[in-house]
Amino acid sequence: QQVHGLIVTPSDYTVENLEKLAVFKGKVVFMDSPPVEEAVPTVSSDDVSGARKAIAYLNRMGHQNLGF
């Protein structure tokens, strides 16, 4: 099997890391990080909204003692 795409959550943008991605032939999407250039797609998550939705779902399922 070949890899057709990557979802990358980089903790550090180094020239070496970006050069490694530049030779990758598939699609690359950065997640939760500022775009390095306009040609690279970036998506961001909304942690607060996601947590609220998860808690609401768990409450509907009958769970009441939640902690985090």
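**A walk through a 68-residue chain**

Let's begin with one residue. Leu66 has a relative accessibility of 38%, so Leu66 counts as partly exposed. Exposed would need over 50%, and buried would need under 20%. Leu66 sits in the segment after α2, the helix that spans 47–60. Which residues share a surface patch with Leu66? Tyr57, Leu58 and Met61 do. Together with Leu66 they form a nonpolar patch on the surface, with about 360 Å² of accessible area. A reminder before we go on: this is a predicted model.

Now the whole chain. It holds two helices and three strands. Along the sequence, they follow the pattern β-α-β-β-α. How much of the chain is buried? Of the 68 residues, buried ones make up 7%. The exposed area comes to about 6000 Å². Carbon and sulfur atoms supply 55% of that area. One more figure, on contacts. Take those between residues at least 6 apart in sequence: 2% of them join residues at least 24 apart.

Next, the sheet. It is open, it has three strands, and its order is β1-β2-β3. The pairing is parallel. Which strands stand at the edges? β1 and β3 do, and β3 covers 42–43. Each has a single partner strand, so one side of each is left without a neighbour in the sheet.

Let's take the pairs in turn. β1 covers residues 5–8. β2 covers residues 27–31, and four bridges join β1 to β2. Gly5 has Lys27 as its bridge partner in β2. Leu6 stands opposite Val28 in that strand. On to the other pair. β2 and β3 run parallel, joined by two bridges. Phe30 stands opposite Thr42 in β3. Met31 has Val43 as its bridge partner there.

How do we get from β1 to β2? Through helix α1, residues 15–22. β1, α1 and β2 make a β-α-β unit. Left-handed or right-handed? Right-handed.

Now the faces. Side chains in a regular strand alternate between the two faces of the sheet. Look at β2 with that in mind. Val28 and Phe30 are on its covered face. Lys27, Val29 and Met31 are on the uncovered one.

Two residues help us look at these faces. Start with Leu21, in helix α1. What does Leu21 touch, beyond residues up to four places away in sequence? Leu6, Val8 and Phe30. Phe30 we have just met, on the covered face of β2. Leu6 is 15 residues from Leu21 in sequence. In space, the two are 9.4 Å apart, C-alpha to C-alpha.

Then Ile7, in strand β1. Is Ile7 buried or exposed? Its relative accessibility is 66%, so Ile7 counts as exposed. The cut-off for exposed is over 50%. Ile7 still has contacts. Setting aside neighbours within four places in sequence, Ile7 is in contact with Val29 and Met31. Both of those are on the uncovered face of β2. What about Val43, from β3? Ile7 and Val43 are 36 residues apart in sequence, and 9.5 Å apart in space, C-alpha to C-alpha.

To recap. The sheet runs β1-β2-β3, with parallel pairing. Leu21 of α1 touches Phe30, on the covered face of β2. Ile7 is exposed and is in contact with Val29 and Met31. And Leu66, where we started, is partly exposed and belongs to the nonpolar patch. Thank you.

Definitions and conventions
Residues are numbered from 1 along each chain as its sequence is written. This is a predicted model: local features need pLDDT of at least 70, side-chain atom pairs count only at pLDDT 80 or more; totals for chains, interfaces and linings use all residues. Side-chain values use heavy atoms; hydrogens and water are left out. Contact means heavy atoms within 4.5 Å. Buried means under 20% relative accessible area, exposed over 50%, partly exposed in between (1.4 Å probe, protein chains only). Two strands pair if DSSP finds at least two bridges between them. A crossover is right-handed if, with the strands pointing away from the viewer, the path from the first strand over the helix to the second runs clockwise. Patches are made of residues with over 30% relative accessible area and no salt bridge: like charges are joined within 9 Å, nonpolar side chains (Val, Leu, Ile, Met, Phe, Trp, Tyr) within 5 Å. Accessible areas come from the Shrake-Rupley method with a 1.4 Å probe; for residues, only the protein chains shown count as cover. A salt bridge is a side-chain nitrogen of Lys or Arg within 4 Å of a carboxyl oxygen of Asp or Glu.
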